[in-house]
Amino acid sequence: MTKSYSDAYKAAGVDVTAGYKAVELMKKYVSRTTTADVLDSIGGFGGLFAPDMAGMKKPVLVSGTDGVGTKLKLAMLLDKHDTVGIDCVAMCVNDVVCAGAQPLFFLDYIACGKNNPEKIAEIVKGVADGCVESGCALIGGETAEMPGFYPEDEYDLAGFTVGIVDEEKILDKNNVKVGDMIIGLASSGVHSNGFSLVRKVFDIDAGTTLQDYANVLGKSLGETLLTPTRLYVKPVLHVLKEVNVKSVAHITGGGFYENLPRAYGETLNASITKGSWPILPIFHLLQEKGNVPEHDMFNTFNMGIGMAMIVSPEDVEKTMSILKENGVEAYQIGVMEEGDHSVVIHE
């Protein structure tokens, strides 16, 4: 049998055999994500998935796509690549669960200057970890070796997910009304947004501060910033089974001011009480060192709240109890008021 290789392509900077080795190394991680609805294994031209739609009156597919962004610069500087895949998954699945959808499957895309099979496998390990924690299957992906486009040691990572929800259970922001309460779900840190500002504040591209231990953080700056984005899928779905949740917002790029209004109507405001949850030390450090105005902090970062759920006042206690049972600290951070589709943050 003729084996696949090309000396000419290798001389141009692309080693196809490295790609094959990467696939072999990642198979053990990918296999952990397989669910009963997956019809084929890694290596085909397309991932096959037959969702179980029993009990659904009108199934609706919900899709989401995103990348990790410049947080990847930190992974490269620290040579630690096994958690950024979690960020990639989280940025996608946390979006689709805002519609009430269960993520079904995920696909990733890795573009790199040089295919280092061991590094690629580390990245995919993180993707697989995120999929397992979210209950979705990693059914395919692509690794593109692009010499001359990316430096040898650099890469980009993006992906997408498809979820499913019964049409009658899709969360509708128009159900939110004055007096409904806003429950904030604790974040694990900066997550995967605002890293262009983070890198500027800490002069990270110089690579001189990441290894420094910070007493206020209890660990190194690099370790703190690389903490992966929290996955909210399973805790939120548990709440949705027992509580009539009005709406959900994923607090990502744009922070409070951009994301909260996506979860309620044009005649409402989210009135947020500052101090009703603990703002993580990394945000205090960012604001102080970068002399960043408070408005910009809330307009760029999650400030310790990675997701918000809007519920009726009588459902607050039950919602917070279910979240805590599922490992997520939650806080009553605000209330819906009449307004002009804004966010008001006050003492």
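**Close-up 1. A salt bridge between Arg-199 and Asp-205.** A salt bridge is a side-chain nitrogen of Lys or Arg within 4 Å of a carboxyl oxygen of Asp or Glu. In this predicted model, Arg-199 and Asp-205 make such a pair, with their closest N and O atoms 2.8 Å apart. The two partners differ in their cover: Arg-199 is buried, at a relative accessible area of 14%, whereas Asp-205 is partly exposed, at 46%. Elsewhere, Arg-32, Lys-125 and Asp-129 are joined into one network by salt bridges that share partners.

**Close-up 2. Helix α5 meets helix α2 through Glu-118 and Lys-21.** Here the closest N and O atoms of the salt bridge are 3.0 Å apart. Glu-118 belongs to helix α5 (residues 117-134) and Lys-21 to helix α2 (residues 16-30), so this pair ties together parts that lie 97 residues apart in sequence. Glu-118 is partly exposed, with 40% relative accessible area, and Lys-21 is also partly exposed, with 42%. By the rule given in the opening legend, the count for the model comes to 13 salt bridges.

**Close-up 3. Lys-73 and Glu-154 join a helix to a loop.** The side chains of Lys-73 and Glu-154 meet in a salt bridge of 3.5 Å, N to O. Because Lys-73 sits in helix α3 (residues 72-78) and Glu-154 in the loop between β3 and β4, the pair links parts that are 81 residues apart in sequence. Both ends are partly exposed: Lys-73 has a relative accessible area of 29%, and Glu-154 has 26%.

**Close-up 4. A patch of negative charge on the surface.** Look for Asp-79, Glu-122, Glu-152 and Asp-153, which gather here. Asp-153 is found in the loop between β3 (137-145) and β4 (155-166). With 57% relative accessibility, Asp-153 counts as exposed.

**Close-up 5. Strand β11 with its partners β5 and β9.** Strand β11 (residues 330-338) pairs with β5 (residues 181-186) in the antiparallel sense, over five bridges. To find your way along this pairing, start at Ile-182, whose bridge partner in β11 is Gly-334. Strand β9 (residues 268-273) also runs antiparallel to β11, and five bridges join them. On that side, Ala-270 stands opposite Met-336 of β11.

**Close-up 6. Phe-298, a buried residue.** Phe-298 lies in helix α11 (residues 294-298). Its relative accessibility is 1%, and because buried means under 20%, Phe-298 counts as buried. From Phe-298 to Glu-325 the separation is 27 residues in sequence and 28 Å in space, C-alpha to C-alpha.

How values were computed. Residues are numbered from 1 along each chain as its sequence is written. This is a predicted model: local features need pLDDT of at least 70, side-chain atom pairs count only at pLDDT 80 or more; totals for chains, interfaces and linings use all residues. Side-chain values use heavy atoms; hydrogens and water are left out. Two strands pair if DSSP finds at least two bridges between them. Helices (H or I, at least four residues) and strands (E, at least two) are DSSP runs, numbered from the N terminus. Patches are made of residues with over 30% relative accessible area and no salt bridge: like charges are joined within 9 Å, nonpolar side chains (Val, Leu, Ile, Met, Phe, Trp, Tyr) within 5 Å. Accessible areas come from the Shrake-Rupley method with a 1.4 Å probe; for residues, only the protein chains shown count as cover. Lys and Arg count as positive and Asp and Glu as negative; His and the chain ends are not counted. The place of a charge is taken as NZ of Lys, CZ of Arg, CG of Asp or CD of Glu. Buried means under 20% relative accessible area, exposed over 50%, partly exposed in between (1.4 Å probe, protein chains only).
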